[in-house]
Amino acid sequence: MSMPRRHPPRPSGARSRLLRIWTLAVVLWTVTGCALGPQPPATPTIPADAPIFSDQWARPAPAGGNSAIYLTLHNPTERTVRLVAASTQVAQATEFHETVKDANGVMRMEPRAQGFTVAPGATLELAPGGKHIMLLNLQQPLEVGQVLSLTVTLEDDRGQVTTELSVPVQEGPGMEMGDMEGQGAMEEMGDMGEMGDMGEMEMSAGAMPADALEPQLSAAGLFRVTARPQIDPVTVGPIHSWIVHVEGQDGTPVTGARIQVSGGMPAHDHGFPTVPRVTQELGNGDYLLEGVKFSMAGVWVLTLEIAAGELQDTVTFQFELK
Ligand SMILES: [Cu+2]
């Protein structure tokens with residue numbers, strides 16, 4: 001970024017996170033002013049129609065994990081504005097993502113490499129379960145109460161402007177009901193509400209007995225699936241294997257199945273820190289799932305897309321490492 005950076009006044013307190021960015025017009029005006037001779041004023045007035053960032057916040061997460069930044073961006077100008085870049089020193093990489101639900105009802109994140117567009121007069125919401133700024137491979141833990149610095153670049157048809165946002169780390173407004181499906185999800189929601197306490201907890205404390213997972217019927221009822229982690233208890237940290245057992249409706253072991261694995265933490269908009277895969281069929285309807293790792297305590301989902309012969313169905317395990 002060769003543009004000079006503008007540093008608007010920092011927000012004065014945690015509650016006054018409203019931050020205005022100078023419009024591109026002012027930047028261009030400043031540059032033009034220089035070219036014409038007269039010195040621009042040291043602190044030009046912020047125009048009334050400048051794009052406005054507000055309510056920015058980041059999820060807490062341990063070092064090595066992922067997090068996400070959410071915010072609101074209002075565009076009162078008469079031009080389309082794009083949020084085209086974001087970066088912070090606390091993460092190895094920063095990406096624009098959007099969480100979407102696919103045809104099977106499975107939540108997944110898709111990259112939005114072009115950034116996000118805000119129409120004239122419109123307001124862009126980056127929020128849990130939707131668009132977000134993903135922080136990958138955190139270089140330090142993000143703890144409630146910290147404030148991190150995010151460099152953001154806006155662009156319209158006249159050019160770009162870059163500024164710094166102060167982003168507090170907090171538990172956030174909580175998940176929306178629509179973010180998760182199923183009755184189990186509703187029960188987990190009650191627990192999520194207690195997450196305000198998590199700032200006090202060791203993030204690495206999460207654990208679950210290996211036999212905590214009930215056998216699940218797949219979405220269309222074609223398969224009955226048992227998932228058994230090969231460490232007990234299951235804890236945050238180690239990469240480990242699971243054995244997945246697949247039966248048909250009549251209890252017959254399903255052999256020769258192809259199983260695709262996905263999942264992550266729906267409330268935190270991130271997937272597994274590893275890429276778990278079914279690597280081996282063990283016989284008798286058993287399959288070896290390798291490379292499972294949990295990067296933090298909380299609610300996780302593991303989704304298996306199972307194809308066997310003509311049959312295809314999806315099963316989701318949801319569980320909490322407390
Ligand atoms: Cu993401």
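A residue counts as buried if 20 or more other C-beta atoms lie within 10 Å of its own, as exposed if 12 or fewer do, and as partly exposed in between. The legends below apply this scale to a predicted model.

**Figure 1. Thr-153 in strand β10, a partly exposed position.** Thr-153 belongs to strand β10, which covers residues 147-156. Because 19 other C-beta atoms lie within 10 Å, Thr-153 is classed as partly exposed. The view also includes Leu-83, which is 70 residues away from Thr-153 in sequence. In space, the C-alpha atoms of Thr-153 and Leu-83 are 6.0 Å apart.

**Figure 2. The chain as a whole and the confidence of the prediction.** The chain contains 2 helices and 22 strands. Of its 322 residues, 34% are buried. Among contacts with a separation of 6 or more, 67% are between residues 24 or more positions apart. The average pLDDT of the chain is 77, and 75% of the residues reach a score of at least 70. Confidence is highest in strand β7 (residues 116-118), at 97, and lowest in helix α2 (residues 183-192), at a mean of 31. Residues 1-44 have a pLDDT below 50, and this stretch makes 65 contacts in the model beyond near neighbours in sequence. The pLDDT also stays under 50 over residues 174-204, where the model has 38 contacts beyond four places in sequence. Where pLDDT is low, the predicted coordinates should not be read in detail.

**Figure 3. The largest nonpolar core, centred in this view on Ile-69.** This core has 60 residues, of which Ile-69, Val-244 and Val-246 touch the most other members. Strand β21 (residues 298-308) supplies the largest share of the core, with 6 residues. At least three core residues come from each of domain 1 (19-168) and domain 2 (184-321). Leaving aside residues up to four places away in sequence, Ile-69 touches Gln-56, Ala-58, His-132, Ile-133, Leu-135, Leu-150 and Val-167. In soluble globular proteins, nonpolar side chains tend to be buried together.

**Figure 4. An open sheet of 4 strands that includes β21 and β22.** The strands follow the order β18-β17-β21-β22 and pair in the antiparallel sense. The edges are formed by β18 (270-271) and β22 (311-321); each has a single partner strand, so one side of each lacks a neighbour in the sheet. Strands β21 and β22 are joined by 11 bridges in antiparallel pairing. Val-299 has Glu-320 in β22 as its bridge partner, and Leu-302 stands opposite Phe-317 in β22. In the hairpin of β21 and β22, 2 residues lie between the strands, and Gly-309 adopts a positive phi near 60 degrees. In a regular strand the side chains alternate between the two faces of the sheet.

**Figure 5. An open sheet of 5 strands with β14 and β16 as one of its pairs.** The order of this sheet is β13-β14-β16-β20-β19, with antiparallel pairing. At the edges stand β13 (216-217) and β19 (277-283), each with a single partner strand, so one side of each has no neighbour in the sheet. Strand β14 (residues 223-229) pairs with strand β16 (residues 240-248) over 7 bridges, in the antiparallel sense. Within this pair, the bridge partner of Thr-226 is His-245 in β16.

**Figure 6. A cis peptide bond between Asp-232 and Pro-233.** The bond that joins Asp-232 and Pro-233 is cis, with omega at about 0 degrees. Pro-233 lies in the loop between β14 and β15 (234-235). Most residues other than glycine have a negative phi, and most peptide bonds are trans.

**Figure 7. Asn-137, with a positive phi in strand β9.** Although Asn-137 is not a glycine, its phi is positive, at about 50 degrees. Strand β9, in which Asn-137 is placed, covers residues 131-138. Asn-137 is exposed, because 12 other C-beta atoms lie within 10 Å.

**Figure 8. Asn-284, with a positive phi in a loop.** Asn-284 is not a glycine, yet its phi is positive, at about 60 degrees. Asn-284 is located in the loop between β19 and β20 (286-292). With 9 other C-beta atoms within 10 Å, Asn-284 is exposed.

Notes
Residues numbered from 1 in each chain as written. Predicted model: local features only at pLDDT ≥ 70, side-chain atom pairs only at ≥ 80, totals over all residues. pLDDT = per-residue confidence, 0-100. Contact = placed C-beta atoms within 7 Å. Core = buried A, V, L, I, M, F, W, Y, C linked by C-beta atoms within 7 Å. Domains from an automatic or database assignment. Pairing = 2+ DSSP bridges.
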